[in-house]
Amino acid sequence: MRRIFYGVLLLAGCSRDITAPTTALLVTASVSRASFRAGDTVTVLVTVFNRSGQPQTIGGDGCGFLRFEVTTADGSVVGPNGRLCSAILIPKTLAPGEQYSSTQSWNGSAFGNGPGAPLQMLTAGTYFVVGQAFPIGSDGSSEPLPAIDHVPAVIAITR
């Protein structure tokens with residue numbers, strides 16, 4: 001009986017609510033090298049996992065179903081340089097337990113380079129690469145959207 005009491009006490013002391021539902025989608029990002037110079041090309045792998053017991057639909061366009069953002073520690077988006085993609089919505093449904101991955105090349109480009117502007121690179125520092133998936137309702141609507149957890153990759157841009 002004492003062991004059960006201590007077990008319940010230990011669970012109550014945990015910071016995570018053990019009764020909280022698992023999010024439907026988990027999006028992870030990894031980078032082929034954790035440290036590189038801006039201008040060098042690395043490969044970014046973004047994977048989305050359907051952790052729910054129901055099919056989940058994500059939307060894509062001419063650039064694919066998964067993307068990534070590069071942020072600073074405070075969450076400010078600083079990269080990569082934008083790409084032009086078609087506006088056609090293409091749905092992809094993931095069965096329960098299914099995953100989908102996409103690889104993209106990136107060279108440390110910074111966000112906000114307009115058309116005709118010289119390419120800008122991120123300055124030296126630590127950044128987070130955050131994978132992005134875009135859930136849509138099975139009928140193409142945007143409501144209700146499933147909850148998403150993100151596991152970012154930490155990178156260092158060197159001089």
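In this predicted model, confidence differs from one element to another: helix H1 (residues 2–13) has the lowest mean pLDDT among the elements, 39, while strand S2 (residues 35–37) has the highest, 98. Over residues 1–17 the pLDDT stays under 50, and the model has one contact beyond four places in sequence for this stretch. For the protein as a whole the average pLDDT is 84, and 80% of the residues score at least 70.

**How the strands pair**

Let us turn to the strands. Strand S3 (residues 42–50) pairs with strand S1 (residues 25–31) in the antiparallel sense, over seven bridges. If you look along S1, you will find valine 27 opposite valine 48 in S3. S3 is also joined to strand S8 (residues 99–106), again antiparallel, by eight bridges. Here threonine 43 has serine 105 in S8 as its bridge partner.

Three strands also make an open sheet, in the order S7-S4-S10, with antiparallel pairing. Its edge strands are S7 (90–94) and S10 (135–136), each of which pairs on one side only. Strand S4 (residues 56–60) is joined to S10 by two bridges, and in S10 isoleucine 136 is the bridge partner of threonine 57.

**A cluster of rings**

Which residues do ring pairs link into a cluster? They are Phe36, Phe68 and Trp106. The structure holds three aromatic pairs, and the table shows the two that involve tryptophan 106.

| Pair | Centre to centre | Angle between planes | Type |
|---|---|---|---|
| Phenylalanine 36 and tryptophan 106 | 5.8 Å | 80° | edge-to-face |
| Phenylalanine 68 and tryptophan 106 | 5.9 Å | 70° | edge-to-face |

Phenylalanine 36 sits in strand S2 and tryptophan 106 in strand S8, so this pair links distant parts of the chain, 70 residues apart. Phenylalanine 68 lies in strand S5 (residues 66–71), so its pair with tryptophan 106 in strand S8 ties together parts that are 38 residues apart in sequence. Are these rings buried or exposed? Phenylalanine 36 and tryptophan 106 are both buried, and phenylalanine 68 is buried as well.

**A look at valine 78**

Valine 78 is part of strand S6 (residues 77–79). Its C-alpha atom is separated by 5.0 Å from that of phenylalanine 111, although the two residues are 33 residues apart along the chain. Leaving aside neighbours within four places in sequence, valine 78 is in contact with several residues, including Val70, Thr71 and Thr72, Ser109, Ala110 and Phe111, and also Leu122 and Tyr127.

Definitions and conventions. Residues numbered from 1 in each chain as written. Predicted model: local features only at pLDDT ≥ 70, side-chain atom pairs only at ≥ 80, totals over all residues. Heavy atoms only, no water. Pairing = 2+ DSSP bridges. Helix = DSSP H or I, 4+ residues; strand = E, 2+ residues; numbered from the N terminus. pLDDT = per-residue confidence, 0-100. Contact = heavy atoms within 4.5 Å. Phe/Tyr/Trp six-rings, centres within 6.5 Å; stacked < 30°, edge-to-face > 60°. Buried < 20%, exposed > 50% of the residue type's maximum accessible area, 1.4 Å probe, protein only.
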